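Welcome, and take a moment to turn the model around before reading on. We will go through it step by step, from the whole chain to single residues.

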Amino acid sequence: MYRTTQNRTNRVSYCESIATVLFYWIELQETTFTMSGPLAGRLALVTGAGSGIGRVASKLLSRDGAIVVAVDRNGKAAEETVQLLSNQGENSSFEMDVSSSDSISKVLEATIEKYKRPPTIVVNSAGITRDNFMLKMPESDFDAVINVNLKGTWLMLKQFGQAMADHKVSGSMVNVSSIVARNGNIGQSNYSPSKAGVEAMTKVVAREFGRYNIRVNAVVPGFIQTPMTDTLPQKIKDMVVMQCALRRFGKPEEIAEVIAFLASDKSSYMNGTSVEVTGG
């Protein structure tokens with residue numbers, strides 16, 4: 001009787017030991033997988049990270065191992081994005097206005113001070129709309145969209161590109177354009193040219209930054225389910241769906257996956273390229 005009880009106790013202890021070893025082995029594999037992602041250890045900064053494509057791009061870059069700096073003119077929204085990421089202790093958020101050179105400088109300085117290096121991945125996804133027919137559009141609405149979408153991208157490329165060159169590090173910069181830059185769209189005589197300018201700027205800066213081993217590419221989304229497109233009238237949404245070969249709006253994740261690809265070494269020979277993601 002004593003031996004039977006002792007044998008059972010030994011078997012239970014043995015099983016518990018095996019379970020403990022298995023538990024730690026699984027944890028180790030998960031940690032190893034995270035640390036060995038395609039962007040492991042890299043520092044990525046995403047503008048417009050408080051919602052939409054910027055938020056999802058932040059999540060996927062983090063998934064692939066990057067440390068993410070989420071910035072948005074809505075600081076609280078950027079902070080909420082960070083709470084959704086893995087390795088929260090390493091990630092950070094800042095309030096930033098991409099149309100302000102001073103605002104960008106402050107965030108760049110704070111980032112370098114915290115991480116002792118500049119980001120080597122920069123995703124320019126901040127953007128706004130102020131839609132109206134041209135004859136009804138105030139000049140201030142034209143200026144606002146150009147200042148954020150086009151000038152903001154220019155300021156980001158200039159300051160963060162300079163920081164990478166100064167620190168002698170290679171990098172990848174991804175700009176977010178739009179299909180309306182190519183097709184035009186009624187009521188967007190400010191937004192369409194602002195995004196067309198982003199595409200043209202991508203090609204120019206890619207040539208200039210290539211000598212520093214800094215790649216610059218653009219992603220050209222079609223109509224995507226984001227807070228920006230949520231405001232469209234249903235009739236417009238229905239018309240957009242009928243014009244799309246896949247008969248639906250895209251998902252932010254479908255754009256963010258392309259951004260993550262362009263940020264990684266998997267696209268190491270892509271430079272000055274615009275990748276259309278529109279559903280056909």
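**How helices and strands fit together**

Let us begin with a pair of helices, α2 and α10, which are oblique to each other because their packing angle is about 50°. This is a predicted model, so please read every value here as computed from that prediction. Helix α2 covers residues 52-63 and helix α10 covers residues 252-263, and their axes lie 8 Å apart. The crossing of α2 past α10 is right-handed. On the α2 side, the residues that take part are Gly52, Ile53, Val56, Ala57, Leu60, Leu61 and Arg63. They meet Pro252, Glu253, Ile255, Ala256, Glu257, Ile259, Ala260 and Ala263 of α10. Sorted by class, this contact holds 11 nonpolar residues, 1 polar residue and 3 charged ones.

Now step back to the whole chain. The protein chain has 280 residues, and 44% of them count as buried. It is built with 10 helices and 7 strands. Among the contacts with a separation of 6 or more, 71% join residues that are 24 or more positions apart.

Next, find helix α5, residues 139-166, which packs with helix α4, residues 101-115. The angle between α4 and α5 is about 30°, with their axes 10 Å apart. Angles under 35 degrees count as roughly parallel, and therefore α4 and α5 are described that way. Their crossing is right-handed. Here Ser101, Ile104, Ser105 and Leu108 of α4 meet Leu155, Met156, Gln159, Phe160 and Ala163 of α5. The residues of this contact divide into 6 nonpolar and 3 polar, with no charged residue.

Helix α5 also packs with helix α7, residues 191-209. Their axes come within 8 Å and cross at roughly 15°, which makes α5 roughly parallel to α7. This crossing, too, is right-handed. From α5, the contact uses Val145, Ile146, Asn149, Leu150, Thr153, Trp154, Leu157 and Gly161. From α7 come Tyr191, Ser194, Lys195, Gly197, Val198, Met201, Val205 and Phe209. By class, the contact of α5 with α7 has 10 nonpolar, 5 polar and 1 charged.

With the helices in view, let us zoom in on two residues in strands. Thr47 sits in strand β1, residues 43-47. Is Thr47 buried or exposed? Its relative accessibility is 2%, so Thr47 counts as buried. Which backbone atom does the side chain of Thr47 reach? The partner is the backbone nitrogen of Ala126, at 3.0 Å. Setting aside residues up to four places away in sequence, Thr47 touches Gly54, Val71, Met96, Val98, Val123, Asn124, Ser125, Ala126 and Met156. Met156 has already appeared in our tour, as one of the α5 residues that meet α4.

The second residue is Ser172, in strand β5, residues 171-176. Ser172 has a relative accessible area of 2%, so this residue is buried. The side chain of Ser172 reaches the backbone oxygen of Leu262 at 2.8 Å. Apart from neighbours within four places in sequence, Ser172 is in contact with Thr120, Ile121, Val122, Arg215, Leu262 and Ala263. The last of these, Ala263, brings us back to where we started, since Ala263 is one of the α10 residues that meet α2.

Technical notes. Residues numbered from 1 in each chain as written. Predicted model: local features only at pLDDT ≥ 70, side-chain atom pairs only at ≥ 80, totals over all residues. Heavy atoms only, no water. Axes fitted to C-alpha atoms, helices over the stretch in contact; angles between N-to-C directions. Helix = DSSP H or I, 4+ residues; strand = E, 2+ residues; numbered from the N terminus. Parallel < 35°, antiparallel > 145°, perpendicular 65-115°, else oblique. Left-handed = near helix turned anticlockwise from the far one by under 90°. Contact = heavy atoms within 4.5 Å. Nonpolar A, V, L, I, M, F, W, Y, C, P; charged D, E, K, R; others polar. Buried < 20%, exposed > 50% of the residue type's maximum accessible area, 1.4 Å probe, protein only. Polar contact = N/O pair within 3.5 Å; in protein donor to acceptor, adjacent residues only side chain to side chain.
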